[in-house]
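User: I'd like to go through the labels used for this model. Could you show me the structure before we start?

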Amino acid sequence: MTTTRRDFAVRAAVEQGLIGPDQPVIGLLDVAGIRAAATALRAAFAEVTAPGTRVLHAFAAKAAALVPVLRLLADEGLGCEVASPGELALARAAGVPADRIVLDSPAKTPTELREALTLGVAVNADSFAELARLDGLRQRVRGDSPLGLRVNPQVGGGVIDALSTATATAKFGVPLRDPGAREATVRAFLDRPWLTRLHAHVGSQGCPLELMAAGVREAYELAEEVNRAAGRRQIDTLDIGGGLPVNFASDETTPTFAAYARALRAAAPGLFSGDYHLVTEFGRSLLAKSGTVLARVEYTKTAGGRPIAVTHAGAQLAVRTVFAPETWPLRISAYDPHGHPKAAGPDGPVVQDVAGPCCFAGDLVATARPLPPLAAGDLTALLDTGAYYFSNHYAYNSLPRPGVYGFTIEEDATVRFATVRSPQTIAEIVTESGGAHAEALSGL
Ligand SMILES: *Cc1c(COP(=O)(O)O)cnc(C)c1O
């Protein structure tokens with residue numbers, strides 16, 4: 001989201017009463033930005049693929065698990081990658097057709113697998129054990145789900161361990177370089193003529209494009225090996241996952257989908273020859289830039305000489321930033337109580353901490369950050385938070401999930417909002433915290 005669009009949206013959110021003393025934190029989504037990202041993704045792959053290649057872009061639901069977002073992306077021609085019964089239900093509630101849904105996850109239960117097969121949703125098995133389970137289920141459930149196997153090309157990790165899916169010991173997929181694993185993988189395909197897809201997700205944030213492309217090339221070469229051994233094009237679809245990193249340091253979108261598509265073409269030209277249909281599973285790179293968390297400053301204080309702004313955005317919605325601040329720093333913009341951008345003032349920016357509402361000392365979204373001097377009633381905006389922030393709530397202190405609003409800006413600069421998710425009510429928090437069972441323990 002550009003600074004101008006954000007400034008319009010923030011002022012309108014104040015004027016239209018979406019944020020205020022009683023709703024002190026909200027999420028904002030730039031609908032035009034989401035549409036533009038989807039368009040850029042489609043165009044990037046259209047540019048490198050042979051005519052007639054089917055490409056399904058399945059948005060990774062966990063990055064923004066919000067039904068209207070999944071629907072907007074479906075309207076843009078995208079599908080959905082899901083990894084739990086909840087995510088599958090969200091995709092279906094959004095009206096995503098079954099043939100545009102892909103089920104991944106390392107821990108699918110028999111019930112989950114049966115549901116996917118019944119619906120005709122594509123499934124990527126994570127292990128040989130899961131393939132064995134599918135062998136059994138396929139006897140009982142008739143369906144036309146495309147079925148695949150996830151492999152880990154073990155090409156190495158990026159700078160964030162917790163988000164590196166292709167290290168030697170990563171928990172996902174069949175580890176291709178382990179002794180005997182490659183041969184066993186080829187055999188698993190030859191034994192199962194119905195197994196037609198190969199899946200690798202090499203990422204994510206912190207991984208260079210070349211590393212990701214090298215992982216995809218490994219998957220491509222394995223598919224060729226399987227097809228040679230089978231004497232036919234048994235694997236007809238390659239699912240290359242997501243994992244494109246996002247630039248959190250400025251408004252610039254880099255790397256672009258186009259740059260990644262070109263890196264893939266350079267590393268594995270055969271991927272785009274038309275021999276394979278493709279599935280992608282991007283999450284963060286589709287949504288991050290289109291989201292902003294907006295929070296009120298409730299109080300300010302100083303401690304040990306350091307000014308601190310106590311706001312309503314902390315670990316409950318910026319979990320990674322709070323617990324791993326070095327890895328997940330966020331840019332923060334300051335606005336006055338009317339939603340106008342705040343200037344630094346005559347003495348320039350003030351080095352301050354920006355804290356959240358949670359009751360632990362480390363609940364800070366920025367430490368020693370130079371910002372315009374913040375005062376009670378001001379607003380802080382956490383930028384690039386459209387993915388993995390307000391849709392990945394952490395229920396610490398029973399803080400409510402904030403309302404999320406999508407916006408568009410008309411030609412005459414009017415900002416129109418639509419509710420994506422209503423703010424969670426206190427009554428809902430009581431209910432989901434066992435409110436109906438108040439006597440349960442006393443009566444035991
Ligand atoms: C999380 C995930 C994605 C999306 O990753 P991003 O980094 O958000 O693009 C895609 N595929 C799988 C299997 C995932 O687990």
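Analyst: Happy to! Let's begin with residue classes: Ala, Val, Leu, Ile, Met, Phe, Trp, Tyr, Cys and Pro count as nonpolar, Asp, Glu, Lys and Arg as charged, and the others, Gly among them, as polar. This is a predicted model, where local features need pLDDT of at least 70 and side-chain atom pairs count only at pLDDT 80 or more, while totals for chains, interfaces and linings use all residues. Residues are numbered from 1 along each chain as its sequence is written, and side-chain values use heavy atoms, leaving out hydrogens and water.

User: How many residues surround the ligand, and which are the closest?

Analyst: There are 14 of them, the closest being K62, G243, E281, R284 and Y388. A residue counts as near if one of its heavy atoms lies within 4 Å of the molecule. By class, this shell has six charged, five polar and three nonpolar residues.

User: What makes the approach of E281 to the ligand a polar contact?

Analyst: The term needs a pair of N or O atoms within 3.5 Å (within protein, one must be able to donate a hydrogen and the other to accept it, and residues adjacent in sequence count only if both atoms are side-chain atoms). A polar side-chain atom of E281 is 2.7 Å from a ligand nitrogen, so the pair qualifies. Backbone N or O atoms also reach ligand oxygen atoms, at 2.9 Å for G283 and at 2.8 Å for R284. Taken alone, the ligand exposes 390 Å², and the protein buries 92% of that; such areas come from the Shrake-Rupley method with a 1.4 Å probe, and for residues only the protein chains shown count as cover.

User: Why are β11 and β12 said to pair?

Analyst: Two strands pair if DSSP finds at least two bridges between them. Strands β11 (residues 291-303) and β12 (residues 306-311) share six bridges, so they pair, in the antiparallel sense. Within that pairing, T302 stands opposite P307. The two strands form a hairpin with two residues between them, and G304 in the turn has a positive phi of about 55°. On the parallel side, β12 pairs with β14 (residues 350-355) over three bridges, with V310 matched to A355.

User: What makes β17 and β18 another such pair?

Analyst: Six bridges join β17 (residues 403-409) to β18 (residues 415-421), running antiparallel. T408 has R416 as its bridge partner. Five residues lie between the strands of this hairpin, and A413 in the turn has a positive phi of about 75°.

User: Where is the cis peptide bond?

Analyst: T254 and P255 are joined by it, with omega about -5°. P255 lies in the loop between β9 (237-239) and α9 (257-267).

Conventions
Helices (H or I, at least four residues) and strands (E, at least two) are DSSP runs, numbered from the N terminus.
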